[in-house]
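Below are some questions and answers on one model. They deal with an interface and a ligand site.

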Amino acid sequence: MGRFSAFTKRKLVQCTAALLSNANLRGFATGRIYQGKAKWICVPGLNCYSCPAAVGACPLGALQTMLADPQYKMSFYVLGMLAAFGLVLGRAVCGWLCPFGLLQELWRGLWVRWGKPVKRIWAGNRRAAEAGSMGVEGGHGAAVGPDKHEGAGDTTGSGNAGDMAGDRRTSGDRPARGFEKRLRHIKYIFLGVFVVLMPLFAVDAFGFGAPYFCELICPAGMLEGALPILVKNPGLFRLAGWVFWLKAGIVVVFLAGAAMNTRFFCKYLCPLGAIYGLFHRISLVQLRFDAVSCVGCGTCEKVCPMDIDPRKPEWRGECIRCGKCAGRCPGGALRLTPSHPLLESSCEQNHHRIAPPTKPCAKLR
Amino acid sequence: MAGRKLMCARVAVGLFAVSFIAAGVWRGETVSVLRKAVNVCLECIGLG
Ligand code: SF4
Ligand code: SF4
Ligand code: SF4
């Protein structure tokens, strides 16, 4: 493994994990899902169990199913599995093991590599529109309008290996920090409403709820499950109702979002990422920040696929522990390390112990 | 999180995880998860 770059190592781990979770590749040819006994085991990442290749259960789907079942109304097993994954890996599951995270990175990479003609048309239209409006307004603001956009576009436009695999961060003209931070709360709302409350309380006459996140939102179900199954069984299309077309619309929004914004679903919408984010203080895999070694270049923030600043503790729940910032940090101030389960400190303690967080951050502003 | 507190939190979550998994297996939840997972979930694929 020593010969491989950190980038290649992570991609190898991601691909291996995706293959292990989806080992029944024959299912794609037959259009039938795997029905072996191993399917009672929850996999760590978001991986639809209706995908013909899936050999394990999606923890989010399993949790909703159990909550919706009047016989149980609770799932000790799934909660225990989530706690175990969260304790050991936390959101490193997202950075290293989740097939849907990998899918988003690959899709983003394809877009960066092959979406240039579409982007050029889009940029051309914008420039024409802005030129029109400048004509009306007497041309003021030219220096900060299209030029700034071009510059930002350039940072994502070139294609090294990282870009091609979707690792390059979002374009420079992203939403303001405060607004974007609020958008990231959507995944907690989805977790509370669609994964927990609705399966528990929105029940039919017999007391049965439904897995509402799967039913109304999850794009993984459509892309990993519906697409391969319907290709092999087109007769099922006759069952498609308004829910199917609603989910098809969500898939289109997801694909557009994931093309424009690295890990769009993980940042804003995924309840499973929200659950793992809750473990960020105690998980054994930690991103450590040494404020004394930080040279204040801001590279970590620039390369982060989650668009966060790893020097600030308030963003730690969003960090997927991909290690990209650590690999690029010129001062060696960031390290992705497994910590001793009982002896070592959490990232946050490290943060405060070495230097108060205001010091490096103030220097950077 | 201070070292001692962190240690306690990790032990507590570890015990929580192991006991919950054991309780779930004992309640037969794994059979329900299996039953759901071996059939195509119509909700997941938008047909339910
Ligand atoms: S639809 Fe989504 S949440 Fe539901 S089982 Fe499939 S992947 Fe999991
Ligand atoms: S946030 Fe959800 S979809 Fe994204 S990598 Fe994590 S578990 Fe997978
Ligand atoms: S802060 Fe670093 S480890 Fe965390 S997601 Fe960003 S680049 Fe990856």
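**Interface and ligand shell**

Q: How many residue pairs are in polar contact across the interface of chain A and chain B?
A: The model is predicted, and a pair is counted where both residues have pLDDT 80 or more. Under that rule, the number of residue pairs in polar contact across the interface is 13.

Q: Which element gives the most to the side of chain A that touches chain B?
A: The elements of chain A that give two or more residues to this side are α3 (59–68), α4 (76–88), α12 (212–216), α13 (219–232), α14 (242–260) and α19 (347–354). With nine residues, the top contributor is α4(A).

Q: Which class, nonpolar, polar or charged, has 34 residues on the side of chain A that touches chain B?
A: The contact takes 57 residues from chain A and 36 residues from chain B. On the chain A side, 15 residues are polar and eight are charged. The class with 34 residues is nonpolar.

Q: What share of the area buried between chain A and chain B do carbon and sulfur atoms give?
A: The buried area is about 3,700 Å². Carbon and sulfur atoms give 71%.

Q: How many salt bridges are counted between chain A and chain B?
A: A pair would need a side-chain nitrogen of Lys or Arg within 4 Å of a carboxyl oxygen of Asp or Glu. Between chain A and chain B the count is zero.

Q: Which of the 13 residues around ligand 3 come nearest?
A: By class, the shell has ten nonpolar, one polar and two charged residues. Those that come nearest to ligand 3 are Cys304(A), Cys319(A), Cys322(A), Gly323(A) and Cys325(A).

Definitions and conventions: Residues numbered from 1 in each chain as written. Chains lettered and ligands numbered in written order. Predicted model: local features only at pLDDT ≥ 70, side-chain atom pairs only at ≥ 80, totals over all residues. Heavy atoms only, no water. Contact = heavy atoms within 4.5 Å. Buried area = accessible area lost by both parts, 1.4 Å probe. Polar contact = N/O pair within 3.5 Å; in protein donor to acceptor, adjacent residues only side chain to side chain. Helix = DSSP H or I, 4+ residues; strand = E, 2+ residues; numbered from the N terminus. Nonpolar A, V, L, I, M, F, W, Y, C, P; charged D, E, K, R; others polar. Near = heavy atom within 4 Å.
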